[in-house]
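Dear colleague,

I am passing on the structure below, and would be grateful if you could look through it before reading my notes.

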Amino acid sequence: MSVVDGPRHVAIIMDGNGRWAKIRGLPRVMGHREGVKALKRTVEAAPKFGIECLTVFGFSTENWSRPVAEVSELMGLVRNYLTSDLDRMEREGVRLKVLGRRDGLPSDIVQIIERAEARTVANDRFVLQVAFNYGARADIVAAAQRYVDQALSGEAPSALTEEGLGSRLSSSGSPDVDLIIRTSGEQRLSNFLLWEAAYAEFVFQDDLWPDYGESALGRAVELFRRRERRFGGVEARTAAAI
Ligand code: IPE
Ligand code: IPE
Ligand code: MG
């Protein structure tokens, strides 16, 4: 078995906040609040494992179907996180990007996102991508729509290629996703990074998201490093050869 280095880019479906709260007899929103603390711990720990880019699923296009109070709590948490952690991100060289649709988000949140992205745009020590109001199918459709708009505007339409479509996704510019982690024991993608997951490794962990942090991330990285990645070939490739 060949041992690979990396992962450079890790994506996490942060799941289990509601169950964490429920087993403690607390309202679901308390699970989300603890979830933000777990996110901060995980962002802090990621560079220690050589991770250069972390993408986290914060709110899906399907999460609008949750009770209004829960949706508004989640909006409030992202508002707080992107405001209170901005100085630290700037100081520590973290570049922040938010993936997903801006349409439909409260306008003050859109402003907060734009400000946070602009203030950290020159940072290159670490990239944090927060998928918020994100759905992979919608993201792929939006990328395809850009080709259509280009053709309709009379510009010479370029041939549709994998590279071209990939570069129009909201994750464009980040390295290939090496590892996708989902917490809470669920084993599905729930419309996360469908395109980018093509050759990612998957690790499913039973930890509920509010309990997550350096040691759980370390276990996931360890499992990843024992995997054989073949990319359709016959021999495993090390991260250095990718
Ligand atoms: C993940 O935790 C956070 C979001 C989806 C925003 P959940 O809220 O899905 O927690 P469970 O799955 O109900 O435990
Ligand atoms: C996926 O989790 C979305 C986020 C983690 C933000 P869900 O808890 O919403 O997914 P399902 O409904 O269990 O598939
Ligand atoms: Mg869930």
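**What surrounds the two ligands**

By class, the shell around ligand 1 in this predicted model holds two nonpolar, six polar and four charged residues, where Ala, Val, Leu, Ile, Met, Phe, Trp, Tyr, Cys and Pro count as nonpolar, Asp, Glu, Lys and Arg as charged, and the others, Gly among them, as polar. The shell consists of M14, D15, G16, N17, G18, R19, R28, H32, G58, N63, R66 and L74, a residue being counted if one of its heavy atoms lies within 4 Å of the molecule.

As to numbering and scope, residues are counted from 1 along each chain as its sequence is written, while chains are lettered from A and ligands numbered from 1 in the order in which they are written. Because this is a predicted model, local features need pLDDT of at least 70 and side-chain atom pairs count only at pLDDT 80 or more, whereas totals for chains, interfaces and linings use all residues, and side-chain values use heavy atoms, with hydrogens and water left out.

Ligand 1 has an oxygen atom 2.7 Å from a polar side-chain atom of R66, and a backbone N or O atom of N17 lies 3.1 Å from an oxygen atom of this ligand. Taken alone, ligand 1 exposes 380 Å², of which the protein buries 85% (accessible areas come from the Shrake-Rupley method with a 1.4 Å probe). Helix α1 (17–22) and helix α2 (28–45) are the elements that give two or more residues to its shell, and α1 gives the most, with three (helices, H or I, of at least four residues and strands, E, of at least two are DSSP runs, numbered from the N terminus).

The shell around ligand 2 divides into four nonpolar, three polar and four charged residues, and strand β2 (residues 53–60) supplies its largest share, three residues. A polar side-chain atom of S190 lies 2.6 Å from an oxygen atom of ligand 2, and for R188 the distance from a side-chain N or O atom to an oxygen atom of the ligand is 2.8 Å. The protein covers 76% of the 390 Å² of accessible area that ligand 2 has on its own.

Turning to the whole chain, there are eight helices and six strands. Of its 242 residues, 48% count as buried, meaning under 20% relative accessible area (1.4 Å probe, protein chains only).

With kind regards

Notes:
A polar contact is a pair of N or O atoms within 3.5 Å; within protein, one must be able to donate a hydrogen and the other to accept it, and residues adjacent in sequence count only if both atoms are side-chain atoms. Buried means under 20% relative accessible area, exposed over 50%, partly exposed in between (1.4 Å probe, protein chains only).
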